[in-house]
Amino acid sequence: MKQLMLYLIVLALSVAQAQTAEPVALRGYSADSARTEREWEAKFRALPDPGALRGYMQRLSARPHHVGSAYDRENAEWILSQFKEWGLDARIETYDVLFPTPKERALELIEPTRFTARLQEPTVAGDPTSAQHTEQLPSYNAYSIDGDVTAPLVYVNYGVPDDYAALDRLGISVKGAIVIARYGGSWRGIKPKVAAEHGAIGCLIYSDPRDDGYYQGETFPSGPFRPADGVQRGSVMDMPIYPGDPLTPGVGATKDAKRLPLSEAITLTRIPVLPISYGDAQPLLAALKGPVAPESWRGALPITYHVGPGPAKVHLRAMFNWDTKTIYNVIARIPGDTYEDQWIIRGNHHDAWVNGAQDPVSGTSALLEEARGLAALARQGWKPKRTIILCVWDGEEEGLLGSTEWAEDHAEELRRKAAVYINSDSNGRGYLEVEGSHTLEKFINGVARDVEDPETKLPVWKRLQLRRTANPAASAAADRQETRQRADLRIGALGSGSDYTVFLDHLGVASLNLGYGGEDGGGIYHSVYDDFYWYTHFSDSDFVYGRALAQTAGTAVMRLAGAELLPYDFDDFTDTIRQYVAEVSRLAREKREQIIERNRQIDEGLFAATEDPREKTVPPPKEAVPPFLNFAPLENGLAALERATALYDQALARATENGGAALARAALRDANARLIAVERALTLDDGLPNRPWFKHQIYAPGLYTGYGVKTLPAVRESIEQKQWQLADEEIARVGKVLENAGEAIQAAASLIR
Ligand SMILES: [Zn+2]
């Protein structure tokens, strides 16, 4: 009892101390400039206003505003006028891109019974914008090719490569068939790609109620989840090859850019694709026979899920207008007064599939509030050291068009000047979500400690830490221990799916993606019901998480723009690379062991003996045993990184002594330039195997996951695809990249001594 008392007193004292203590030093700042910076940041965080956020959303989501629509352009012009009214130097930059829209869509079941799909999202009473039918884009998948096909139907679950392996075991081929896949399990563009690789001639993608409909909760308008006729639109461009305008890979789609003929645009699908609601999917799935679908394939429709093929036979027709449309990026610039040629770039898109209150306007609104706040500070005398570029992108939904074309157009300048890109997109209620370059992990942890969660009043960092402690992944105890003890919360790596892609993957600019979420589920993604009514009833209805996003991203931008020395950190980065190297070596070992074990099972006759003789199944084929791979080049690269990081930390510690006077020296200009070059050193000009546009060697969207990230992608994917010789070569190449990064870090260290 006495001990407990003492413990409580000590605890109370340490809490009191923590509350009065000076805030933690800011990395990259001398003591004096940190104090000034913190004062400006506090002023900034008081500015974002939920009422203003609500007003922006009401205005921007009032009408459908997809690429090529009147309201898309009106929104861009309105954003420009706001920026100018606030006193920002801003303009619109346009590009001309290929943007197909539907001309004809038809889907019917013709055997064994007849059913014609509605392909229409009806007006919902009480939701005014759901009735704007003349302005809405019909439900479709952009960059599907034209097609008119009739064939037996096969259900392929999520339509990822593993699902086709399972079909092989059932003795079912999709050659000449139309497949029906459910949304989820991969990015949607992967489904028609893998289906075509297996010989399918058409692809339907539907939203199963298990994934975002009535199985999850009440459906719209009683609740936030997808109603029976709700359809997820979306792009099916082969973005893991390259995003952006399919006709201008690698260059900006300016008026006079050289364009590929349509027939050479390799990022279009090879087979026609159409997305449908579960209302339209149920009669098709109910008409399938053949084997009962494996348990994990079954959704929540009130039917027995069969795989097929047939007797269901469907006719699919999808024809498009292959038009060129103009896109409107709004770009504002706040010039830096010390390092004008070092840019901190902040972006969010403004275009939507339909009204897009959640995607993207919840994020766009936050960016506008940041712009208004920064403009207000500038009028009060605040001056960033670095130039801040605010970008409101068009054409994100179709294939990251606005950001990709802009960054390709300005690539040469961006390679020299871009220090960091900070992205956001949809925003909601809940926890801070961060993914990005691990050179910025420590930095964004610092920002997250200074932003208050609107619901619990805890720092958003603390709330996230407690959530991860409560809800860790598989190896629970070890994870909890790490979450409690590690100075920084780990951030996820970036795959693709929003506008950071060109900055990180193509140009090698350290990037972050920020947002809040995790508390408000929903099933209106890319449907007509993603609108003001839905958002103000079922998401961040009082816009306090919109304010938190503006505070978080705005603080990050200010802190990066104001630092004497760019606050990249290489400890967390090296720690992360160490994990990735361990993962790929384990992956190679496990692949090898699996193949040996399965070959042995085949020799033993295990499959023939244990599978139900009345069910038709096919044993897996025997495979060549993989060779051992030599991971030494990666280990050597990692060791070089570790040495360089230690040198950098020593140099920084010395420069920070005595209030960090050394940080104000002029020589820092070169040190900063060297620091920017570190992320560039993680790229290779000839890119990843068979996809040269993707140059970053640490992060890439997976060739067969789409949005999902593959870290050390060249190595990891060649192992996954059992290309052993390529894996050996890529290990050597990536090992050299790590050594190059080590040299770049060392060069920066030598300049801040
Ligand atoms: Zn979006």
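## A tour from strand β14 to the zinc site

Start by selecting Tyr421 and Ser511: Tyr421 stands opposite Ser511, which lies in strand β14. Keep in mind along the way that you are looking at a predicted model.

**Stop 1: strand β14.** Now extend the selection to residues 510-518, the whole of β14. Eight of its nine residues are buried, so the rest of the structure largely encloses this strand.

**Stop 2: the neighbours of β14.** Add residues 418-424, which form strand β12. β12 and β14 run in the parallel sense, paired over five bridges. The pair you began with, Tyr421 and Ser511, is a good place to center the view. Next, add residues 430-436, strand β13. Here the pairing with β14 is antiparallel, and it extends over seven bridges. To see one position in detail, pick Glu435 and look across to Asn513, its bridge partner in β14.

**Stop 3: the zinc ion.** Select the zinc ion together with His349, Asp359 and Asp425. His349 donates through NE2, Asp359 gives one OD atom, and Asp425 appears twice with OD atoms, at distances of 2.0 to 2.6 Å. If you follow the donors in sequence, the spacing reads H-x9-D-x65-D. The two aspartates tie together distant parts of the chain: Asp359 sits in helix α9 (residues 357-379), whereas Asp425 sits in the loop between β12 and β13, 66 residues apart. Check their surroundings too, and you will find both Asp359 and Asp425 buried.

While you are there, what do the angles around the zinc ion look like? The four donor atoms subtend angles of 53 to 144 degrees, which makes the arrangement irregular. As a reference for the eye, ideal angles are 109.5 degrees for four tetrahedral donors.

**Stop 4: the whole chain.** Zoom out and color by secondary structure: the chain has 24 helices and 16 strands. Along the principal axes, its C-alpha atoms fill a box of roughly 80 × 70 × 65 Å. For 753 residues, a compact globule would have a radius of gyration near 27 Å, and the chain agrees with that at 27 Å.

Switch to a surface view to finish. About 28,900 Å² is exposed, with carbon and sulfur atoms supplying 52% of it. Beneath that surface, 59% of the 753 residues count as buried. Finally, turn on contacts: among those with a separation of 6 or more, 80% come from residues 24 or more positions apart.

Notes: Residues are numbered from 1 along each chain as its sequence is written. This is a predicted model: local features need pLDDT of at least 70, side-chain atom pairs count only at pLDDT 80 or more; totals for chains, interfaces and linings use all residues. Side-chain values use heavy atoms; hydrogens and water are left out. Buried means under 20% relative accessible area, exposed over 50%, partly exposed in between (1.4 Å probe, protein chains only). Helices (H or I, at least four residues) and strands (E, at least two) are DSSP runs, numbered from the N terminus. Two strands pair if DSSP finds at least two bridges between them. Donors are N, O and S atoms within 2.8 Å of the metal (3.2 Å for Na, K and Ca); water is not among the atoms, so sites may look incomplete. Four donors count as tetrahedral if all angles lie between 85 and 135 degrees; four count as square planar and six as octahedral if opposite donors are over 155 degrees apart and all others between 65 and 115; anything else is irregular. The radius of gyration is taken over C-alpha atoms; the globule rule is 2.2 Å times the number of residues to the power 0.38. Contact means heavy atoms within 4.5 Å. Accessible areas come from the Shrake-Rupley method with a 1.4 Å probe; for residues, only the protein chains shown count as cover.
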